[in-house]
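Me: Could you take a close look at one part of this model for me? I'd like the domains of one chain to start with, and then whatever they lead you to.

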Amino acid sequence: MPQWTLLGLLQGKQTAPWPLRQGDDGQRGFIGMPRYHPELCEEDCKACADACPTKAITMREGGKDRLDIDYGRCIVCQLCTEACPSGAMAASGDWAFGVRQRQDLVWREGGEAASAETVGQPGFRRSLHVRHVDAGSCNGCESELQALNNAFYNLHRLGIFFTASPRAADLLLVTGPVTYAMLEPLRATFEAMAEPRWVMAIGTCAVSGGIAEDGYASGHGLEGVLPVDVYLPGCPPNPAAIIEALLMFLNRTPQRVKGGRYGE
Amino acid sequence: MTALLRPEALKGAASELVEAGGRMQMAYAWYPEPDRLELRYVAGLPGETAFSQWRCRPEADVPSLAGIWPLLSWYEREITDLFGVQFAGHPQPRRLVLHEGAETEVPPFDPRYPPDQRLPARRKKQRVPDLAGAEADVQLLPFGPVRADVLESGEFLFFYVGEAILHFQPRLFFKHRGMERRFEGLGADQGVVLAERISGVGSVAHALAYCQAVETAAGSEVPVRARLLRVVLAEMERLYNHLHYFGYLCHTTTLKVGEAEGKLLEERAKQLNTRLTGSRFLRSLLIPGGLRRDLDPQGWLVSDLEALHEKFSAYARHMEATDSHLDRLMTTGKLDQRVAFDQGATGPVERGSGIDRDLRRDHPYAAYGALSPVVAVRGEGDAHARARVRMAEIEESIGLIRRAVERLSDGPVRADCDVKPDSEALGWSESPRGTLFYAVHFDSEAKLKRVKIKSPSFSNWRVFPFTVHDTNMMDYAINEASFGLTIAGCDR
């Protein structure tokens, strides 16, 4: 006779105390987006820009002050951190990259105050219902979205629910670069949502096209396809990053990244 | 071993392969020169660890081989869509990879295709059998491409009467990103970043098959430590995938605690991945020639896996003792061994139908030759058999990791890997879902010229409908879960 109830009870509480209280967020050892330390950067070196497969790092004419980093294009492949000879582009544990304005993902010299302080969406006082559309992802983002409902992250306790029907959804989560065949189903799903409605781009592909950008069948993410309210790059963003971005959307936690700088 | 065949000799060679007890693996096309197209057929012969290839220039009419090797049907349709080659006598001469409405002047892999031109996004209905006729007894239920919950995009058509499914037709390739063309012009090292992002939950298997193809082309010898660590990574990937599988399978049989337990164990496995590599998907480690950096699994990984193993054993015992769960799995989605072979089933799906085949043992790579993997096979061919195969594979994965870690000794993890111009090679790995092939061709500057990816889900999606026709609606979700399919790898 199987004792499922007992098996469940004997596990004890498996849900992480985070983000409601201090404690394990499950990301020990996670290597996130690279962090840039301009003071260590060498003149006339562009090793990181040459190594970057998605042109997230670009060098304008005239030396190190001309370095731009677009975290909205970063696929966390760590090639820049391995190519950098001076440690200026360093591996980091930075993952909470959800932002409201696209330009907050761009690091520029002197660009600390890139975004005006944006007060977010009308605050949801009660539950938030989200609908997901896969617009051509590699399934990495889906794997992490599915993880949100496991016992460890237990998204329900935060009052956030996945819903089957776009008509019942407040927020649309989109993954993937938007392939030619998914363009129309994606738009139709958005059109089916009742207003007011919001959109979150999950993963670097949905933010900018990522590694799959261009070509005969792929797109540039949601740019020019749907209005985006929250951008969350990552390849894929881990479940904790998705939770932080959702809570930020709800004005329940502050935005960490401003002008490409990661706030503690 | 490569043989050049004239189109009229293909059918004879295909029949000989059947008689020799061999197996067709895949077919693809490429352009050795901008004005010269070549077809490739990859086949395995019993007892041989290397694969043989046939080359064929489609000067005259190329016959379809789908009548001899039914699994080739999809490969031929793919080549027609992407390269414009027609196969004479094809039983289903319809679009597959590119949707109806995505017509262009020249096909996307033609060298004349403008690199920036995107396929038109207008949607047309696909051709469906004329079953839902005027009698109106037969209903048509279209489902997707946007489905309930967090699922990959794909459209599924059910022709049904009451509870009974008469005919089932999946329409995939909504997620086709044209990834194979994205490799073109890249250096060998850059290609691995793409390979890791073809199928997210198969990052290691894809990167491994790709790297091994490049290493064969370059004649590079990967250091022993890197080979053993590659086994650790590949088996860690199998582990979290199979744990996810059981969580989802329990979801479909509405075993709530079983679903929660499977998903929790998957999460624990992904957290071990992070601790070992910094990535929940074990990315950013493989590179042609070995590994990008060393790993340190000694002293903690095996003991942590043992703890996970204990929990899984209790979980598996519970599932195997729950009548309501077993009742839904046994006899559901039965796949006959003959159909499995003819239509090209792979991985736990074919092994659940009595076909004893595993690349890790039959065509060893990395350090598998020295670690003697034990291959689990069941004969029943139903959803339960597919689940039991995966249960045994979890046990074996943990054993393989233990044996690999025990053998680790200090040493380098990366060797030189200089690709020669105009070289080519085939690489493979046994992913959690079955056989995965990468065929890579380099140009005169040693840049990638053509990469063909054969993912296991491309094979198993071809097979899956054969287990759905003539079954019933209530079993569908369970059957689909028991196949453990992904769409991203299939669609590319």
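How far apart do the C-alpha centres of domain 1 of chain B and domain 2 of chain B lie?

Reply: They lie 26 Å apart. Before going on, keep in mind that this is a predicted model, where local features need pLDDT of at least 70 and side-chain atom pairs count only at pLDDT 80 or more, while totals for chains, interfaces and linings use all residues. Residues are numbered from 1 along each chain as its sequence is written, and chains are lettered from A and ligands numbered from 1 in the order in which they are written.

Back to chain B. Its domain 1 covers 2-88 and its domain 2 covers 179-491, with bounds that come from an automatic or database domain assignment. Where they touch, 11 residues of domain 1 of chain B are in contact with 14 residues of domain 2 of chain B (contact means C-beta atoms, placed from the backbone, within 7 Å). On the domain 1 side, strand S2 (23-33) and strand S3 (36-44) of chain B each supply at least two residues (strands are DSSP E runs of at least two residues, helices are H or I runs of at least four, and both are numbered from the N terminus). S2(B) gives the most to that side, with four residues. Sorted by class, the domain 1 side of chain B has eight nonpolar residues, two polar and one charged (Ala, Val, Leu, Ile, Met, Phe, Trp, Tyr, Cys and Pro count as nonpolar, Asp, Glu, Lys and Arg as charged, and the others, Gly among them, as polar).

Now step inside domain 2 of chain B, which runs over 179-491, and look at some helix pairs. The axes of H7 (residues 256-277) and H8 (residues 301-320) of chain B come within 11 Å and cross at roughly 165° (axes are lines fitted to C-alpha atoms, for helices over the stretch in contact, with angles from 0 to 180 degrees between N-to-C directions). That makes H7(B) roughly antiparallel to H8(B) (over 145 degrees is roughly antiparallel, under 35 roughly parallel, 65 to 115 roughly perpendicular, and the rest oblique). The crossing of H7(B) past H8(B) is left-handed (the near helix is turned anticlockwise from the far one by less than a right angle; clockwise would be right-handed). On the H7(B) side you'll find Leu265(B), Ala269(B) and Leu272(B) among the residues that meet H8(B), whose partners include Leu308(B), Phe312(B) and Tyr315(B). By class, this contact has nine nonpolar, two polar and four charged residues.

Compare H14 (residues 383-407) and H16 (residues 473-483) of chain B, which pack at about 30° with their axes 9 Å apart. H14(B) and H16(B) are therefore roughly parallel to each other, and their crossing is left-handed. Here Ala383(B), Arg386(B) and Ala387(B) meet Ile478(B), Asn479(B), Ser482(B) and Phe483(B). That contact divides into four nonpolar residues, two polar and one charged.

There's also a nice link to Asn472(B): its C-alpha atom is 8.5 Å from that of Leu166(B), although the two are 306 residues apart along the chain. Leu166(B) is found in strand S9 (residues 164-171) of chain B. With 17 other C-beta atoms within 10 Å, Leu166(B) is partly exposed (20 or more would be buried, 12 or fewer exposed, and partly exposed lies in between, with C-beta atoms placed from the backbone). Leaving aside its neighbours within four places in sequence, Leu166(B) is in contact with Leu131(B), Val138(B), Phe159(B), Tyr160(B) and Val161(B).

H7(B) also takes us over to chain A. The buried residues of helix H4 of chain A pack against H7 of chain B, together with S6, S8, S9 and H7 of chain A. H4(A) is mostly covered, with eight of its eight residues buried; Cys141(A), Glu142(A) and Leu145(A) are among them. Zooming out, 51 residues of chain A are in contact with 55 residues of chain B. H4(A) gives the most to the chain A side, with six residues, and by class that side has 26 nonpolar, 20 polar and five charged residues.

Terms used. Two residues are in contact if their C-beta atoms, placed from the backbone, lie within 7 Å.
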